[in-house]
Each structure stands twice: as structure tokens, then as C-alpha cells.
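Biologist: Pick one helix pair for me and walk me through it closely, please. I'd like the geometry, the residues involved and whatever sits just before it in the chain.

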Amino acid sequence: MSYQENLKFYITTPIYYVNDKPHIGHAYTTVAADIIARYKRQIGYKVFFLTGTDEHGRKIEKAAEERGISPKELADEMHLVFKKLWQNLNISYNKFIRTTDEEHQEAVIYFWKKMKESGDIYKGKYVGWYCVPCESFIPSSQAEDVKCPTCGRPVEILEEESYFFSVGKYKQKLKEYIESSGFVKPDFRKKEVLNALEDLGDISITRPRERVRWGIPVPGDERFTIYVWVDALTNYLSGIGYPSQRANDFWPADIHLIGKDILKFHAIYWPMFLMSAGLELPKMVFAHGWWKVKGEKMSKSLKNIVDPFEIVSLFGADALRYFMFRETPFGQDGDFSEEGLRTRYENELAKDIGNLFLRISKFAESNFSGKVRKVSPPSFEGIDIENSFLSWKSSMENVDLFKALGEIFNLVSYANRYIDQNAPWSKIKINREETEKIIFNCAYLVKVIVFMLYPFCPETGKKVAQSFGIEWIADESKPKTKEDILNHSDFFNIKSTGILFPKIGG
Ligand code: MSP
């Protein structure tokens, strides 16, 4: 039995619309979730990592019409593109859910009935705006100049019969939950959620079937289609088996990882629906910022959409995974540029990191046949390795992936300075034992660094761990304690890592 077998961790990404192929923004959320999932598995949690595609609604219906195919054909084609990207990016999800899955649709109907039984659903008339790209109802007071306040695109005016979700019972309860817990993260987002909650009216939760055919019909009144956000949010339950008891193994979710544009749906609508259906609330909704390009939003019309397939084929998955969390604090907006990525690739990944691993492993191989013993316990001046490790760990726990990577980089810089100052290549000529000590210390630093780097750069982490004979680092089925990581093994058996980040052409 592993030492933390009782610990479970459930993390989700948004499910992505299948109207178009994924861009760098979609890759961002999923990679972040993967980093956290891998980290949690490393330290012994039983993790469930859910991702998938949001396939219903007017937006998809419209995209399919434009291409002259059925919405199902579009979804069947496009969900595979997402799956392919996740494969290219080494995403370790446990389940990929599609909202057209039979079990999901049944779960949505069950969930709807639960809210209905609670007396929270009533019929009325919606008069106001609707943004199809965001699939969002916008009260007329919030539509600026007939533009969507979230995406800035034109909205449609609607006047239609609708079922509503009555928020009255839940407003105060949710307010208290938000104020008293770490539910909304980062902290600076709390205020905007509380303000939106204050202004919230009852939520429209259907579209007339004659206007939106592509979706799940309302049970008992098939003239209506369930609002796509009710359908989509329920994936977080259906993905773990709801309404079967199985869902209790992982519910409530530990983290719903999302972008800032969909915070209202996750931090207001979703918890209210859950309260109504009698379910526990997720522990955290973390909203990250947006990638822009030269300060502009990515858009088809500006032709500035960054294709993650291209970036991965040029730089490799680890480089993109690394760059996205090294460049910008997680939670803030960032500016994506291929030049920026190239610079970090050359200076940090190839030079500071790749070269560090290569020169230590090569030196050990050519001077000690790779066999490096512990002459004395490793000791370092000017750094406290345990502190660095613990600070990395607490950053990972706080979803501060930028700070965690910064911590890793401090250790990398230290290791480079250490090897330069101790110059084993000169010392080997005069004192073999002293040199072995230096190389052992270096290998020890590598062990700690690789453990910390692995969730960000799993391919590199695996390779380096193998080269240094510490394969268990990349074995997520084996939980590791702080002691495993920081303890001094007696021996390293090292092979050269080879070049980890080769020169990129162009
Ligand atoms: N289908 C809904 C989510 C339903 S979840 C129950 C949706 N899909 S989406 O495909 O439009 O967006 C998915 C995620 O990608 C969102 O978290 C969004 O914030 C993120 N991003 C889309 N563009 C982005 C950037 N330019 N930068 C960073 N993330 C961005 O919304």
C-alpha cells in the first residue's frame, strides 16, 4: 500500500468547443492541468484528470452549417484534432469526455430533474441579448453598444419563451462560500465574481428547439433545448460517472482550471446548480489569463492565431510546456511570440538546462565510467536545497506554476555556478577523490532538479532520470516523499544524456 493511497485529487479543464481547431490558448489550460496532475501523482495522490469537448449548441450548429456538414460530423472530426494535440503535448488525461456521449446526455437529464425537484426551475420569457460565440445570455444593461462585454463581438436580440433557474435561494450562500474559502483563485478575481453575483438575476437555461436544435431536449418539454452551459458544466460530474455512486470517488473537484472569460459560469452558475441538485461544491476554480499576440487578441480576422501543432513540431512539446509557464505569471495575461520562445529555448533550455545535464553526465561517463560514489554527504554553500524544494512544492500547491518554475531555475543557475567554480575538468588531473565528490554533488542537484522539472517537461525529465539511473523519478505510479527526493543515495550510475534541446533551424 502506498503511503497516501487514501488521497484523491480531481482536476478538470474546460471542455473545448469543436467549431474550430485548437490554438495556443486551449493548449495553455490543458498543459497547466497536466502539470498539476503529474505533480500530484508524483507525490502519491490518486488523480483523475478530465478533459474533453463541448459539442452542442448554436455555435457548433452554425459552424457546421457554414461548412455544409451536420454538427455531429463536425464534432466527430474536430474532437480528434483535440485528441491529437493532447497526444503531441504529452497530456496524461484519464478521460476525454464528449457532450454527445450517451452517458453524458443521460447525466444532464438526471441533473436537470434534480434541480427541477428542488423547485428551482420555472418557465418565463427572456428578453435581452445573446452572444453566440460565448453562448451567453447578456442582460440588456450589460451589452455595450450591442457588443458582447466578454468577447466584443455583435450580440443578437432575443425575445423568447424560456425556462429559468431561480437564484434567490442560493445568492447569499454562495457569497459566503466565496468570501470564506479559497474557491475563487487567483484572489484578485474574487471581487469581480462577488460584483457579478450581486447583480445576478435568474438565469435563462433553455433555448427554443426551433432556434437551437443541436442539444439535449428538456425532459418533459421537448419544445426546448437545454442551455449549452448547463449541458457543458455537467461534464464535470458525468465524466466521473454521475449519477452513479462511482462519482463519489472523486467529487467534489479539487480544481476546475479555466480561462478568465468563463469565470462567471464556473464560479456563479455552476455552484448554484450544484447546490440545487444537492451536491458538494468544487474546492477551487482557478482562472488564468489570456495569451495575446503583440498585444492583440488572437482572431481569424487578424490572422494572428498561433497554431500549437506547428510550435510543437518546431520546438518540441517540452519547450512549449516550459515557455508558457516561464514567460508569464499564471493568472496574468501574456504575449506569445515565437521569437520569445526561441530565445528561451536557446538560452534557458538548450544552454542552461540541457547543457548542464549533458556536461555532468558526459564528464561522469568519460572519467568515472559513469559510476560515481558518495565520498561524503553532499553539502552546498549559499543555498538551502530543502528550502528551495519546499518553496517549489508550496508554489505547486498554490497553482503558482510561474513561481515553481522560477524556483527550479534558481537551482539550475546555482548548479551551473557550482560546476564552473569547482571546475572538475581541471581538478581531475590533481585530485580524483575531490572530483568524484564534486560530480556526486552535481548528480545530487540533478536529481532534485529533475524531480521538480518533470511535471513541466516530462519528456526531458524521463530522459535525464534514465541517464542518471534514477528512473523512479518519472514513474508516476510510485509516490515519493520529500525524503526520497532529498536523501543522498550512495551511488549514481550515469550515462550521457545526449543533446536534449538540439539547435532549431530557421
Ligand atoms: N466550451 C466552453 C467551456 C465549457 S467548460 C464547461 C469554452 N470553450 S472554448 O473552447 O471557447 O474555450 C476553452 C478555454 O480556452 C477557456 O478556458 C478559455 O479561456 C481558453 N482560451 C481561449 N482563448 C484563449 C487565449 N487566447 N489565451 C488563453 N486561454 C484562452 O469556453
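Modeller: First a bit of vocabulary: a crossing is left-handed if the near helix is turned anticlockwise from the far one by less than a right angle, and right-handed if clockwise. Keep in mind that this is a predicted model, where local features need pLDDT of at least 70 and side-chain atom pairs count only at pLDDT 80 or more, while totals for chains, interfaces and linings use all residues. Residues are numbered from 1 along each chain as its sequence is written, and side-chain values use heavy atoms, with hydrogens and water left out.

Let's take H6, residues 190-199, and H9, residues 263-276; helices here are DSSP runs (H or I, at least four residues) and strands are E runs of at least two, numbered from the N terminus. The axes of H6 and H9 are 10 Å apart, and the pair packs at about 55 degrees (axes are lines fitted to C-alpha atoms over the stretch in contact; angles between N-to-C directions run from 0 to 180 degrees). H6 and H9 are therefore oblique to each other (neither under 35, nor over 145, nor 65 to 115 degrees). As for handedness, H6 passes H9 in a right-handed crossing.

So who touches whom? On the H6 side you'll find Glu192, Val193, Ala196 and Leu197, and they meet Leu263, Ala267, Ile268 and Met272 of H9 (contact means heavy atoms within 4.5 Å). Sorted by class, the H6 contact with H9 has 7 nonpolar residues, 1 charged and no polar ones (Ala, Val, Leu, Ile and Met are among the nonpolar, Glu among the charged).

Just before H6, look at proline 186, placed in the loop between strand E7 (184-185) and H6. The peptide bond leading from lysine 185 to proline 186 is cis, with omega near -10 degrees.
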